[in-house]
Amino acid sequence: MWLKFEQRPEPSKTMSYVSPILAVALMFLSGLLLFVVLGKSPVEGFKVFFLNPLKDSYGIAELFLKATPLMLCAVGLSVGFKANVWNIGAEGQLLIGALVGGGIALHFEHTSSAILLPAMVVAGALGGMAWAAIPAFLRTRFNANEILTSLMLVYVAELVVSWLVHGPWMDPDGFNFPQTKLLSPEATLPILLTGTRVNAALLLAIGALLVGWIFMNKSFMGYQMKVAGQAEHAGRYAGFSAKRSVWIGMLAGGAMAGIAGIAEVSGPVGQITEHISPGYGFAAMIVAFVGRLNPIGIFFSSLLMALLYMGGEQAQQYLALPSSISKVFQGMLLFFLLGSDVFINFRPRFIRRRK
Amino acid sequence: MQTPSSDTPRLAIRGIRKVYPAIVANDGIDLTVMPGEIHAVLGENGAGKSTLMKVIYGVIRPDEGELIWEGQSVTIPNPAQARELGIGMVFQHFSLFETLSVVQNVALAIPGEFDLAALSLRIEEVSQRYGLPVDPRRMVHALSVGERQRVEIIRCLLQNPRLLILDEPTSVLTPQAVRKLFETLRQLASEGVSILYISHKLDEIQELCHTATVLRNGKVTGSCTPSQESPKTMARMMIGEDLPAYSHGETGHEGEVRLRIVNLCQPTEDPFGTTLKNINLEVRSGEIVGIAGVSGNGQQELLKAISGEEPLADNRVIEMCGIQVGHLNPGKRRALGMCFVPEERLGRGAVPRLTLTENILLTAYRKGMLLGGLIRFGVAKRFAEDCIKRFDVRCGGANSEAKSLSGGNLQKFIVGREIMQDPKVLVLAQPTWGVDVGASSFIRQSLLDLRESGTAVLVISEELEELFEICDRLVVIAKGTLSPSKATTETGVEEIGIWMSGMWPDAEKSGEAPHVA
């Protein structure tokens, strides 16, 4: 008997929804195996990793807090991904958004104006867009591959942050820690639920998901980007501008990542440090694909990804596992998703070996 | 015509069946070819001709059935094995490396030691013997399509095949070149080579072939001796009904010039592309103008220039209804009332994975389908349903994906979408290429009706028969230049055929003297 993969006459719609679920299940299974191999009890490991974080309302609030930047970045990225615009640099755009928005807060330290927060959010978005505009320009003007340029700009952004917090923006009363002053209460996002850290950025993220859904499903521009992504020649034949798709795809990702960045700085982090983001911009790509580039799916997959982050922290505390365990889970999730996606276009068939 | 002699069939196939996930391509096919016989395999696109030939040549393995080669049951697992048995095949789409010379290309397919000088001599020998002139040292990219086909045939002949398969060999040839090819094939047959000749062109089969097997929907629907049949009876076997007739309506009430091309020169950036030289053309309201020509003579480049996919440096060279549009992109040209039907249906004319409603939006969105940047899906859906009904598109409804439609139905849909936008100018490339006879005649009739309503129609096609059926005037494109135009009624296949090789009166003085006829 042979296992043969046979092309389906049409890609299976069902499989495209089943595939992420299958990937999550496989990730769970291999996670348990991993615990065994590391000499931990799989039951205990599962409990610590996936149940502990959710055992009280504070934990659930933390889950939403961590899901917020993921939602923002993922919905922005998926606008571009749908049009085959591969922005890999959301992490860098997030950092620059955090810098520009946070810079405003630091500069107007003593203001209590009501427009300070909105101004910071807008500045964050603009910062992210500016960073994303560089690969967009290079792609549309010189046909430079945006995957490479946007990724390289992540490292540039990291170095810029590092330089600022070690140098000109370092808090003079901060005992030489590489960080800025804490943001004033006026420059801090309001908490939604007392006793938790969940803040108004969650509302922004949900708003972004809504707008993203309307843009992708109901707007003509979203339609043009879908055409550009699925059949480039058809877009050219219809007279849609391919350059505009690249610009919109990149800028949407940049703006959302920038907002995610400033939301971290004026939310849970409270200042600019070298550790604003534990790789949200990268994890958001996995979130976008597990969520099938669909804002509704992204809502759920960002919660899942947030759980992996929290489980990783728990595992570090209670199981004495290294913090990179959550990266391992992220990697497994993407790996299994890509594997399961094969079933969308192919179906397995057992055939008898022919002589 | 001579009849084959020997008693043992060169090839007999019995009960060949090949099933693909979506369709049954071959369903119990029987066929027998005698030595020295030219055997036609006749059928419309999608009838299963190509699949059958690929089975014989070892490209595809059949699910059921038997191949009997000179009396022995054989399995042919791959083309190398087929060649070893003595089967050669010339594909419809050539498999030559453009950046290599003729002899290098041939050497790649010939087993044995690699001696280019000796091989060149053999190529020249074969090419002289069978009247297939080609210079072994020339680079393939510099050859015309006809010459490339000769290279493919020579490459087969060098292996002394006893069965030669030709898949739609004349679709890329001028009528004169077709005649030369037939002479070669007759000579081969007289030397005992069997030939399987795949085509959907009835007149050619009548002229050339000893016997014919007709396929429809993967099944044999009949076999006959073409010389004893009429095109009508063969057509009935092929399509199951009579060939369509057209109602032409009145001619000669052309109105104002809708599309004007003035001294268009466009160098190509593609090293294998064609440079357009001094092209002049006018298309008037209420007429159909056809551009004939062997493919690869600048049709693609001219289309891009007209559609705006390649905006031009000089704004003045293309005028639409008196407005200079050379600088405008396709979207802006469409806004002025120009519509296009591209050659490629899936992937250019329609997005495969989108529904028909969504594919309507691709070009017809100006028909009230947008509101403040948002899509009015209701309007688009009604337009799609209307188009499906008016143009007899057989499909599962407006929500079917474009790729689920057959080639003919998708083409009807695309033509319908463009016509329903009431274009001032409609440009079509290969409007019925690969489309079954029923859909072709429907499309041609729609174009004739559109002409009646005053649209200026420009058709670029490689099918001369089609151009003569529907066009009022014809021009020929060859090597990037355009011939003078002639009224269809005042010329014939013979003359246009000569022009297709670039030899029209005053061919050196480029440019069209408008309305020579």
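Two strands are taken to pair if DSSP finds at least two bridges between them. In this predicted model, strand 6 of chain B meets that criterion with strand 7 (residues 163–167) of chain B: 4 bridges join them, and the two run parallel. Within this pair, Gly88(B) has Leu164(B) of strand 7 as its bridge partner.

Strands 6 and 7 belong to an open sheet in chain B. The sheet holds 6 strands, in the order 6-7-8-3-9-10, and its pairing is mixed. Strand 6 (87–90) and strand 10 (219–224) of chain B form the edges. Each has a single partner strand, so one side of each is left without a neighbour in the sheet. On average, neighbouring strands are turned by 20° against each other, direction ignored.

Two helices of chain B lie across this part of the structure. Helix 1 of chain B crosses strand 3 (38–42), strand 6, strand 7, strand 8 (194–199) and strand 9 (211–216) of chain B. Its direction is at about 150° to strand 7 of chain B. Helix 6 (residues 175–190) of chain B lies across strand 3, strand 7 and strand 8 of chain B. The angle between helix 6 and strand 8 of chain B is about 145°.

Helix 1 (residues 49–56) of chain B is mostly covered, with 8 of its 8 residues buried. Two lysines, Lys49(B) and Lys54(B), are among the buried residues. Ser50(B), Thr51(B), Leu52(B), Met53(B), Val55(B) and Ile56(B) are buried as well. Just after helix 1 of chain B, Gly58(B) adopts a positive phi of about 80°.

Chain A contains 13 helices and 2 strands. Its C-alpha atoms fill a box of roughly 80 × 60 × 35 Å along the principal axes. The radius of gyration of chain A is 22 Å. A compact globule of 355 residues would have a value near 20 Å, and chain A agrees with this. Of the 355 residues of chain A, 49% count as buried. Among contacts in chain A between residues at least 6 apart in sequence, 78% join residues at least 24 apart.

The two chains touch. At their interface, 27 residues of chain B are in contact with 19 residues of chain A. On the chain B side, the elements giving two or more residues are helix 10 (330–335), helix 11 (356–364) and strand 18 (374–375). By class, this side of chain B has 15 nonpolar, 7 polar and 5 charged residues.

Note on methods:
Residues are numbered from 1 along each chain as its sequence is written. Chains are lettered from A and ligands numbered from 1 in the order in which they are written. This is a predicted model: local features need pLDDT of at least 70, side-chain atom pairs count only at pLDDT 80 or more; totals for chains, interfaces and linings use all residues. Two residues are in contact if their C-beta atoms, placed from the backbone, lie within 7 Å. Ala, Val, Leu, Ile, Met, Phe, Trp, Tyr, Cys and Pro count as nonpolar, Asp, Glu, Lys and Arg as charged, and the others, Gly among them, as polar. A residue is buried if 20 or more other C-beta atoms lie within 10 Å of its own, exposed if 12 or fewer, and partly exposed in between; C-beta atoms are placed from the backbone. Axes are lines fitted to C-alpha atoms, for helices over the stretch in contact, and angles run from 0 to 180 degrees between N-to-C directions. The radius of gyration is taken over C-alpha atoms; the globule rule is 2.2 Å times the number of residues to the power 0.38.
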